[in-house]
Amino acid sequence: MTDLKEAREYIRENYNVDDEIHMRDRSGRRWCQCIHCGELMPTDDMPIFGGPGREMNRGQCRQCLYYLGYINIP
Ligand SMILES: [Zn+2]
């Protein structure tokens, strides 16, 4: 958990979600921001992410998709 918090901090300090480059933490894991809850998450936790231009670093996290009824398992 601490790892995740640290990595999130690193992403926040080193990137802007509007940048048109992939946001990656020190271990090379890619991160995106959820368009629903606004949280930064590793893309492992995002069934949907990425897109052209400014959507590159945005996605939809598992938790939000679950609450919205798009997936059955959070
Ligand atoms: Zn979310």
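Two strands count as paired here if DSSP finds at least two bridges between them. Everything shown below comes from a predicted model.

**View 1. Strands E2 and E3 sit side by side as an antiparallel pair.** With 3 bridges between them, E2 and E3 run in the antiparallel sense. One spot to zoom in on is Cys 32, whose bridge partner in E3 is Met 41. The two strands make a hairpin, and 5 residues lie between them. Look for Gly 38 in that turn: its phi is positive, about 80 degrees.

**View 2. Strand E1 forms another hairpin with E2.** E1 covers residues 23–24, and its pairing with E2 is antiparallel over 2 bridges. Here Arg 24 has Arg 30 of E2 as its bridge partner. This hairpin has 5 residues between its strands, and Gly 28 in the turn takes a positive phi of about 90 degrees.

**View 3. E2 also pairs with E5, this time in parallel.** Strand E5 spans residues 58–60 and lines up with E2 in the parallel sense over 2 bridges. Cys 34 is a handy landmark, since its bridge partner in E5 is Gly 59. How enclosed is E2 by the rest of the structure? Largely, because 4 of its 5 residues are buried, and buried means that 20 or more other C-beta atoms lie within 10 Å of a residue's own.

**View 4. The largest nonpolar core brings together 12 residues.** Among them are Ile 11, Met 23, Trp 31, Phe 49 and Leu 65, along with Cys 32, Cys 34, Cys 61 and Cys 64. Strand E2 (30–34), strand E3 (40–42) and helix H2 (62–67) each chip in at least two residues. Which of the elements gives the most to this core? That's E2, with 3 residues.

**View 5. Trp 31 and the residues it touches.** Leaving out residues up to four places away in sequence, Trp 31 is in contact with Ile 11, Met 23, Arg 24 and Asp 25, plus Leu 40, Met 41, Pro 42 and Thr 43. Several of these turn up in the nonpolar core as well, including Ile 11, Met 23, Leu 40 and Met 41.

**View 6. Tyr 67 in helix H2.** Tyr 67 belongs to helix H2. It has 13 C-beta neighbours inside 10 Å, so it counts as partly exposed. Pan over to Lys 5 and you'll find its C-alpha atom 23 Å from that of Tyr 67, with the two residues 62 apart along the chain.

Terms used. Residues are numbered from 1 along each chain as its sequence is written. This is a predicted model: local features need pLDDT of at least 70, side-chain atom pairs count only at pLDDT 80 or more; totals for chains, interfaces and linings use all residues. A nonpolar core is a set of buried Ala, Val, Leu, Ile, Met, Phe, Trp, Tyr and Cys residues joined through C-beta atoms within 7 Å. Two residues are in contact if their C-beta atoms, placed from the backbone, lie within 7 Å.
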